[in-house]
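The following exchange takes some of the labels that are attached to a protein model and asks what justifies each of them. Each reply sets a computed value against the relevant cut-off and then draws the conclusion.

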Amino acid sequence: KSLLALRRPCYIVRKRLSGTQLAAEGRVLRAVLYVYHSKLRRHRSYLAMQQVEQCLKRLWKMNLVGCIETLAKLVPNKDTSQAHTECLIPSQPMLETVALKVLGSCKLILRLLDRCCKAFLLSVKHLCSEEYILLNTLASGLLSRLWFVIQYRCALQHLMSLYGLLSASLQLVSEIQQMPYIKEFTFPSDITNFLGVNVSSEMKQQKARMLTTRKPTSWLKKLFPTVPEAVSEMEKKRNFAACRSAVKRLGVPCPTDIGQPVL
């Protein structure tokens, strides 16, 4: 039953990690780092974004999605298991490889979320100090989106549940035939102890820190001064008349309003 239950978690994890949103955010992050490399390569916000990009790069280079796809193809279907008394199952080396990559990816995603949170807070801090306004505006928006995409797609939670099924399947397969592939490493029975943190409380703390950050509105008010909402009709007519006289003075034909009947 544990082997049959692997198919759906493999599909969910593959869908969560191979989504277009996460890939798009990664491409935008690399583009921003490329543009600002020569100008701000020693700036603290830029260095923090580089750490986020390194975590993403290592996560993609693990090829976790490819390994999970291969494992899903080896998991027997319910029809085949009911029709025949014997069926092919994933080997112990295959299960150990995927389980090890799931453990590493959970650690990497935790690190990625932590770096996103810290880089976001740092960019907002420099933004409030009116330093490198364009870079920090891009960074704050990009990092917050990346954090919320990973968090609300529940990639880490689905990986943890997948590891629980992998651990049970690995124990079952090793009892059938001992073929250890990864030596000098003991697979933990509980992934929470391996990660060393309570994932739900850690995510809540990071979200609270990001949402309660002081909003950088001081420099926005300087760049975009507030305009009074109610403008008198006389001022509107005066501005329109000034623009019309300027157009006539320059010799530019005044455009005809297509909403009025033309004689």
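Contact means that heavy atoms lie within 4.5 Å. The model discussed here is a predicted one.

Q: With which residues is Gln-92 in contact, once its neighbours within four places in sequence are left aside?
A: With those neighbours set aside, Gln-92 is in contact with Leu-170, Val-173, Ser-174, Gln-177, Gln-178, Met-179 and Pro-180. Gln-92 itself is found in helix H7, which covers residues 92–128.

Q: What makes Gln-92 count as buried or exposed?
A: The relative accessible area of Gln-92 is 6%, and buried means under 20%, so Gln-92 is classed as buried.

Q: Why is Leu-172 given the label it has, on the scale from buried to exposed?
A: Leu-172, found in helix H9 (residues 155–176), has a relative accessible area of 34%. Buried requires a value under 20% and exposed a value over 50%, and therefore Leu-172, with its 34%, is partly exposed. Leu-172 and Gln-92 are 80 residues apart in sequence, while their C-alpha atoms are 9.4 Å apart in space.

Q: How do you know how many disulfides the whole structure has?
A: A disulfide requires a pair of cysteine sulfur atoms within 2.5 Å, and a search of the whole structure finds zero disulfides. Cys-116 is in no disulfide, the nearest cysteine sulfur being that of Cys-55, which is 8.1 Å away.

Q: What decides whether Cys-116 and Cys-67 are buried or exposed?
A: The cut-off for buried is under 20% relative accessible area. Cys-116 has 0% relative accessibility and so counts as buried, and Cys-67, with a relative accessible area of 14%, is therefore buried as well.

Q: What makes the phi of Asn-63 worth noting, and where does Asn-63 lie?
A: The phi of Asn-63 is near 55°, a positive value in a residue other than glycine. Asn-63 lies in the loop between H4 and helix H5 (64–74). At 44% relative accessibility, Asn-63 falls between the limits of 20% and 50%, so Asn-63 counts as partly exposed.

Q: Why is H2 called oblique to H4?
A: The axes of helix H2 (residues 20–35) and helix H4 (residues 44–61) come within 10 Å and cross at roughly 135°. An angle has to be over 145 degrees to count as roughly antiparallel, and 65 to 115 degrees counts as roughly perpendicular; the crossing fits neither, so H2 is oblique to H4. The crossing of H2 and H4 is left-handed.

Q: Which residues meet where H2 contacts H4?
A: From H2, the residues Leu-22, Gly-26, Leu-29, Arg-30, Val-32 and Leu-33 meet Tyr-46, Met-49, Gln-50, Val-52, Glu-53, Leu-56 and Trp-60 of H4. By class, the residues of this contact divide into nine nonpolar, two polar and two charged.

Q: How do you know which label suits the orientation of H1 to H9?
A: The axes of helix H1 (residues 7–17) and H9 come within 10 Å and cross at roughly 155°. Angles over 145 degrees count as roughly antiparallel, and H1 and H9 are therefore roughly antiparallel to each other. Their crossing is left-handed. In this contact Pro-9, Cys-10, Ile-12, Val-13, Arg-16 and Leu-17 of H1 meet Ala-155, His-158, Leu-159, Leu-162 and Leu-165 of H9, and the residues divide into nine nonpolar, one polar and one charged.

Q: What settles the label for H1 and H5?
A: H1 and H5 pack at an angle of about 155°, with their axes 9 Å apart. With the limit for roughly antiparallel set at over 145 degrees, H1 and H5 are therefore roughly antiparallel to each other. The crossing of H1 and H5 is left-handed. Arg-7, Cys-10, Val-13, Arg-14 and Leu-17 in H1 meet Leu-64, Val-65, Ile-68, Glu-69, Leu-71 and Ala-72 in H5, and this contact has eight nonpolar, no polar and three charged residues.

Q: How many helices and strands are there in the protein?
A: The protein has 13 helices and zero strands, and buried residues make up 38% of its 263 residues.

Conventions: Residues are numbered from 1 along each chain as its sequence is written. This is a predicted model: local features need pLDDT of at least 70, side-chain atom pairs count only at pLDDT 80 or more; totals for chains, interfaces and linings use all residues. Side-chain values use heavy atoms; hydrogens and water are left out. Axes are lines fitted to C-alpha atoms, for helices over the stretch in contact, and angles run from 0 to 180 degrees between N-to-C directions. Helices (H or I, at least four residues) and strands (E, at least two) are DSSP runs, numbered from the N terminus. Angles under 35 degrees count as roughly parallel, over 145 as roughly antiparallel, 65 to 115 as roughly perpendicular and the rest as oblique. A crossing is left-handed if the near helix is turned anticlockwise from the far one by less than a right angle, and right-handed if clockwise. Ala, Val, Leu, Ile, Met, Phe, Trp, Tyr, Cys and Pro count as nonpolar, Asp, Glu, Lys and Arg as charged, and the others, Gly among them, as polar. Buried means under 20% relative accessible area, exposed over 50%, partly exposed in between (1.4 Å probe, protein chains only).
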